[in-house]
Amino acid sequence: DLECRHCTASATHRSIVFGEGDPGARVMLVGEAPGAEEDRSGRPFVGKAGELLERMIAAVGWERSDVYIANVLKTRPPENRTPLPDEVAHCGPWLASQIAVVQPSVIVALGGTPAKHLLGTSTGITRLRGIRAEIVVAGRAVAVLPTFHPAYVLRQYTEEVRRAVWEDLKQAVAIAGD
Ligand code: URA
């Protein structure tokens, strides 16, 4: 059944937002954690950030149904706060399983939480973004391309930030097409 007695918000969350998309996708997009809309609907990236994410992926020629979309945490933290390290540690193995099953060519890490978690670093997203990294999941190499989270893009809607995300997604497209 859909009950998670996890570390966070077991009292406040409503859904387990596991992820969705093409199970054979070459591209996986990984966010931080569900927000209010996602918690209500049980689907990842369906709120404001999700709308922008869809426009961003459409701009590089993908469709939402072509990719697989997930988050590091599968349930919404109270007040949408940033996930705590122990929450990431507990929920992280689910993401690893998703990566192992889908076997994407490239994972676009949306923001600091997935980028730091996947790369095992404390370096901030501003320095990580746009630089292709490689990780091994279940014995298989996969490229990781960190970029800004769409919620950050909405808050920081500048030419510079939008161009950065565009370039990062173009790079991810190139990796997926390899
Ligand atoms: N922000 C995220 O990081 N993930 C979602 O699913 C929605 C908003």
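This passage describes the ligand site, the residue H149 and the helix α4 in a predicted model.

The space occupied by the ligand corresponds to the largest pocket, and the residues that surround the ligand are G31, E32, A33, E38, P44, F45, N71 and H149. Polar atoms of the protein approach the ligand from both backbone and side chain: an oxygen atom of the ligand lies 2.8 Å from a backbone N or O atom of E32, a polar backbone atom of A33 is 3.0 Å from a nitrogen atom of the ligand, and an N or O atom in the side chain of N71 is found 2.7 Å from a ligand nitrogen atom. Of the 230 Å² that the ligand exposes when taken alone, 92% is buried by the protein.

H149, one of the residues around the ligand, belongs to the loop that connects β6 (140–147) with α6 (150–155). Its relative accessibility is 17%, and H149 therefore counts as buried, the cut-off being under 20%. When neighbours within four places in sequence are set aside, H149 is in contact with E32, F45, A49, L110 and G111; E32 and F45 are also listed among the residues around the ligand.

Helix α4 spans residues 112–119, and its buried residues are T113, P114, A115 and L118. These buried residues pack against β2 (27–31), α3 (85–102), β4 (106–110), α5 (125–128), β5 (133–137) and β6, the last being the strand that precedes the loop containing H149. After α4 comes G120, which has a positive phi near 60°.

Conventions
Residues numbered from 1 in each chain as written. Predicted model: local features only at pLDDT ≥ 70, side-chain atom pairs only at ≥ 80, totals over all residues. Heavy atoms only, no water. Helix = DSSP H or I, 4+ residues; strand = E, 2+ residues; numbered from the N terminus. Buried < 20%, exposed > 50% of the residue type's maximum accessible area, 1.4 Å probe, protein only. Contact = heavy atoms within 4.5 Å. Near = heavy atom within 4 Å. Polar contact = N/O pair within 3.5 Å; in protein donor to acceptor, adjacent residues only side chain to side chain. Areas by Shrake-Rupley, 256 points an atom, 1.4 Å probe, with all protein chains shown as cover. 1 Å grid on protein atoms, 1.4 Å probe; cavity = no way out; pocket = protein on both sides within 12 Å on 5 of 7 lines; lining within 4 Å. Sits in = over half its atoms within 2 Å of the grid points.
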